Amino acid sequence: MKVAEIRSELRTYKSNQAKIQMLKLDLDGLSMLPGVDTSQPAGGKTYKFHSSTEDAAIKKNKIENKIRAIQTQMTKLDIALDSLQETQRDILILKYIDGYSWRHVSNKRRMPIRTCRNISFKALQEMRKVL
């Protein structure tokens, strides 16, 4: 994974968490449809389905796959972040996940902006090796 891709993934971290929550709400909504049992997998020996049941099962499967894909990517990022030193991790979180400016990151960490940027660059390089 390229450094630019890692930055992009970190920037979308919070929105991905929100996506997962929204997708889970969609799953809950599917299970509340009258006459639709999404607890069983789609398909069967007779292939007889009521179309709303089949549609709900297919939609459930797609939503579950989306959730798994997002969670997998977030888990990889978490593992890569955990492999960093605390200062590196804090700077990346402040800058890319929380979205603060370099000035704010610098003030929060009580370091010069240039130092924060250098630490960030090295941390992203280390994450690249892990990812």
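A nonpolar surface patch is built from residues with over 30% relative accessible area and no salt bridge, with nonpolar side chains joined within 5 Å. Keep that in mind as you work through these exercises on a predicted model.

**Exercise 1. Find which residues make the nonpolar surface patch of about 310 Å², and work out how Val130 counts in terms of exposure.**

Solution.
- Step 1: Look for the members of the patch. They are Met1, Ile79, Val130 and Leu131.
- Step 2: Place Val130 in the fold. This residue belongs to helix H6, which covers residues 113-130.
- Step 3: Recall the cut-offs: buried is under 20% relative accessible area, exposed is over 50%, and partly exposed lies in between.
- Step 4: Apply them. Val130 has 42% relative accessibility, so it counts as partly exposed.

**Exercise 2. Describe how helix H1 and H6 are arranged, and name residues that meet there.**

Solution.
- Step 1: Start with the axes. Those of H1 (residues 3-11) and H6 come within 9 Å, crossing at roughly 95°.
- Step 2: Angles from 65 to 115 degrees count as roughly perpendicular.
- Step 3: H1 and H6 are therefore roughly perpendicular to each other.
- Step 4: Now look at the contact. From H1 come Val3, Ile6, Arg7 and Leu10, and they meet Leu124, Gln125, Met127 and Arg128 of H6.

**Exercise 3. Do the analysis again for helix H5 and H6.**

Solution.
- Step 1: H5 spans residues 102-109, and its axis comes within 9 Å of the axis of H6, with a crossing angle of roughly 95°.
- Step 2: This angle makes H5 roughly perpendicular to H6.
- Step 3: On the H5 side, the contact uses Trp102, Arg103, Val105, Ser106 and Arg109; on the H6 side, it uses Ile113, Cys116, Arg117 and Ser120.

**Exercise 4. Classify Ile93 by exposure and say how far it is from Leu81.**

Solution.
- Step 1: Ile93 sits in helix H4, residues 86-97.
- Step 2: Its relative accessibility is 27%, so Ile93 counts as partly exposed.
- Step 3: Between Ile93 and Leu81 there are two separations to note: 12 residues along the sequence, and 8.9 Å in space from C-alpha to C-alpha.

**Exercise 5. Summarize the whole chain: how many helices and strands does it have, and what share of its residues count as buried?**

Solution.
- Step 1: Count the elements. There are 6 helices and 0 strands, giving the pattern α-α-α-α-α-α along the sequence.
- Step 2: Turn to burial. The chain has 131 residues, and 31% of them count as buried.
- Step 3: Finish with the surface. About 8800 Å² is accessible, and carbon and sulfur atoms account for 50% of it.

Methods. Residues numbered from 1 in each chain as written. Predicted model: local features only at pLDDT ≥ 70, side-chain atom pairs only at ≥ 80, totals over all residues. Heavy atoms only, no water. Patch = residues over 30% accessible without salt bridge, like charges linked within 9 Å, V, L, I, M, F, W, Y side chains within 5 Å. Areas by Shrake-Rupley, 256 points an atom, 1.4 Å probe, with all protein chains shown as cover. Salt bridge = Lys/Arg side-chain N within 4 Å of Asp/Glu carboxyl O. Helix = DSSP H or I, 4+ residues; strand = E, 2+ residues; numbered from the N terminus. Buried < 20%, exposed > 50% of the residue type's maximum accessible area, 1.4 Å probe, protein only. Axes fitted to C-alpha atoms, helices over the stretch in contact; angles between N-to-C directions. Parallel < 35°, antiparallel > 145°, perpendicular 65-115°, else oblique. Contact = heavy atoms within 4.5 Å.
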